[in-house]
Amino acid sequence: MQKISLLAASALLATAPAAAMPPPLPEVEGKDAATLQDEMTARRINSDVITATYLERIRMLDDNGPKLDAVIAASPDATSRAFDLDQERRAGRVRGPLHGIPILLKDNIEAAGPLPTTAGSLALKDNVTGRDAPLVARLRDAGAIILGKTNLSEWANIRSDNSTSGWSAVGGLTKNPHALDRNTCGSSSGSAAAVAASLAPLAIGTETDGSITCPAGVNGIVGFKPTVGLVSRTHIVPISHSQDTAGPMTLTVRDAAAVMTAIAGSDPADPATAEADARKTDYIAALSPGALKGKRIGVMRDRVGDRADVAALFGAALKQMESQGATLVEIADSRKGSEELGTAEFEILLTELKADLAAYLGTLPDANAPKSLADLIAFNKANPEELKWFDQSLFEMAESKGGLDSPAYLAAREKAARLAGPEGIDRLLKTHEVDVLVGVTNGPAWVSDLARGDSYNSPGTSQLPAVAGYPHLTVPMGAVEGLPIGLSFIGAKWSDADVLAAGYAYEQASEKRVTPTYRASAAP
């Protein structure tokens with residue numbers, strides 16, 4: 001049987017006779033993976049058509065039209081893989097909720113095939129390794145289709161402290177689909193913008209500190225940073241083995257739970273995941289619309305910021321949770337005792353960047369690939385395109401650091417783990433006798449300015465869970481000036497299922513996701 005995808009067929013529309021015209025592409029805008037799965041189960045559509053439709057949306061919205069620049073490259077074998085999965089379905093085999101569902105990968109995650117893994121840098125533009133990261137292998141086993149790679153803040157925003165989130169030398173500047181002049185936050189910028197714009201129903205991002213939750217919040221989608229050690233980091237371009245993790249970026253919490261069920265698990269090559277097999281669960285089964293009933297919610301009031309419109313959204317979200325049976329507990333001192341956390345985290349990130357990046361680069365099959373941070377610094381100096389908008393000051397600071405046995409690093413690791421974990425999140429949960437913490441994920445997206453860099457100045461809740469390695473979920477809670485604002489749910493280590501359940505219950509009752517408008521500017 002010959003397979004002809006609708007994407008290929010659509011090119012013939014202008015010249016084909018009416019009788020030969022293919023059926024119109026289906027409507028996928030705003031549809032989550034669970035809805036698409038239901039439609040395939042009901043035989044109203046198949047994966048081949050769904051995949052072709054998303055590829056066409058990438059052509060129309062990302063490569064042309066508003067030109068979001070969220071997707072760096074599309075997988076050439078996506079439609080053939082979809083066809084194979086359709087054949088499996090017809091034969092009675094359905095692997096689960098991700099069967100036949102397209103998913104995009106942040107371009108610091110390796111996937112076998114012809115697409116390179118660039119981290120947004122021209123230094124890795126030919127980095128075709130032929131390897132699947134373990135999380136990608138798990139996605140394939142679950143029946144997901146790797147649709148392509150997404151743009152990101154180059155090197156996951158660790159090259160300069162004057163960078164613009166969402167820009168990379170390989171992919172350009174990702175635009176926010178809610179207002180094209182606004183930033184997408186980072187570093188999982190393309191993953192967030194792509195899901196918001198329905199270029200795919202699912203994406204994978206990575207986070208070291210805020211790189212899943214901030215772009216998810218700013219683009220009005222769900223983002224989940226799991227407990228560090230629940231998902232393998234093998235064959236992902238690293239920053240910090242203490243804080244790095246991959247996680248889902250989706251339209252709904254249910255979809256995030258489905259992705260987590262697929263990708264969670266131990267990996268012998270990543271010692272941090274030793275407990276993952278024992279800790280993982282069916283995250284979809286753990287969801288319940290009534291999950292907030294009887295729960296005590298710690299309200300991080302000191303992290304709301306000074307905007308009355310954002311505070312009003314947060315207040316409405318709190319009332320919604322209260323109406324669902326939750327008890328609200330005010331916390332006015334969530335920052336107490338963490339004054340030295342930022343300095344300790346910075347020491348960890350720079351020291352681990354130097355060591356972890358060298359370890360990753362040393363595994364690349366290309367003998368001509370850079371082998372160290374020093375090689376990358378030299379490459380950037382020799383290639384003006386890399387430094388045209390901002391410098392590499394953080395790379396240079398990291399290069400000056402000692403090794404993983406240096407006293408400064410070891411002291412910082414001990415201090416950061418203690419301040420963020422036992423004396424941070426654990427203290428807040430225990431002292432206030434609460435089950436989960438909530439706060440504002442982000443303020444409205446700022447205007448992108450490549451010449452001046454980011455002007456992020458808004459509330460944030462990412463640091464404690466990022467440094468502690470604890471789960472952090474963001475769910476849409478509305479918009480101000482048409483720009484999405486996220487609501488954060490944070491829990492104890494390994495409480496991923498409970499955090500997802502709490503966010504799901506709020507999401508189902510509130511329904512605050514905002515549809516992108518692709519307007520040129522958010523200015524009135």
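In the predicted model, strand β2 (residues 102-106) is mostly covered, five of its five residues being buried. In a regular strand, side chains alternate between the two faces of the sheet. Along β2, Pro-102, Leu-104 and Lys-106 point one way, Ile-103 and Leu-105 point the other way, and all are buried. The residues on either side of β2 thus include a lysine, Lys-106, which is buried together with the others. Strand β2 pairs with strand β3 (residues 145-150) in the parallel sense, over five bridges. Within this pairing, Pro-102 stands opposite Ile-145 of β3.

Ile-145 also appears in the surroundings of Ser-47, a residue of helix α3 (residues 47-63). With neighbours within four places in sequence left aside, the contacts of Ser-47 are Met-40, Ala-82, Asp-86, Gly-100 and Ile-145. The relative accessible area of Ser-47 is 1%, and the residue is therefore classed as buried, the limit being under 20%. Asp-38, located in helix α2 (residues 33-41), has a relative accessibility of 49% and therefore counts as partly exposed, since exposed residues are those over 50%. Between the C-alpha atoms of Asp-38 and Pro-97 the separation is 9.1 Å, although the two residues are 59 positions apart in sequence.

Strand β8 (residues 245-250) is largely enclosed by the rest of the structure, because six of its six residues are buried. Two pairings of β8 are described here. With strand β6 (residues 202-207), β8 pairs in the antiparallel sense over six bridges, and Leu-202 has Thr-250 of β8 as its bridge partner. With strand β7 (residues 222-225), the pairing of β8 is antiparallel and comprises two bridges. Here the bridge partner of Val-222 is Thr-250. Thr-250 accordingly takes part in bridges to Leu-202 and to Val-222.

Pro-484 is placed in strand β13 (residues 483-490). Its relative accessible area of 2% falls under the 20% limit, and Pro-484 is therefore buried. Residues up to four places away in sequence not being counted, Pro-484 touches His-178, Gly-217, Val-218, Asn-219, Gly-220, Asn-442, Gly-443, Gly-478 and Ala-479. Among these contacts are Gly-217, Val-218, Asn-219 and Gly-220, which are consecutive in numbering, as well as the pairs Asn-442 with Gly-443 and Gly-478 with Ala-479. For Pro-484 and Arg-57, which lie 427 residues apart along the chain, the C-alpha atoms are separated by 22 Å.

Two packed helices are described by the angle between their axes and the distance between the axes. Helix α11 (residues 341-361) packs against helix α14 (residues 407-431) at an angle of about 130°, and the axes are 8 Å apart. An angle from 115 to 145 degrees is neither roughly perpendicular nor roughly antiparallel, and α11 and α14 are therefore oblique to each other. Their crossing is left-handed. On the α11 side, the contact is made by Leu-341, Ala-344, Glu-347, Ile-348, Thr-351 and Glu-352. The residues of α14 that they meet are Ala-408, Tyr-409, Ala-412, Arg-413, Lys-415, Ala-416, Leu-419 and Ala-420. By residue class, the contact of α11 with α14 divides into nine nonpolar, one polar and four charged residues.

Definitions and conventions: Residues numbered from 1 in each chain as written. Predicted model: local features only at pLDDT ≥ 70, side-chain atom pairs only at ≥ 80, totals over all residues. Heavy atoms only, no water. Axes fitted to C-alpha atoms, helices over the stretch in contact; angles between N-to-C directions. Helix = DSSP H or I, 4+ residues; strand = E, 2+ residues; numbered from the N terminus. Parallel < 35°, antiparallel > 145°, perpendicular 65-115°, else oblique. Left-handed = near helix turned anticlockwise from the far one by under 90°. Contact = heavy atoms within 4.5 Å. Nonpolar A, V, L, I, M, F, W, Y, C, P; charged D, E, K, R; others polar. Buried < 20%, exposed > 50% of the residue type's maximum accessible area, 1.4 Å probe, protein only. Pairing = 2+ DSSP bridges.
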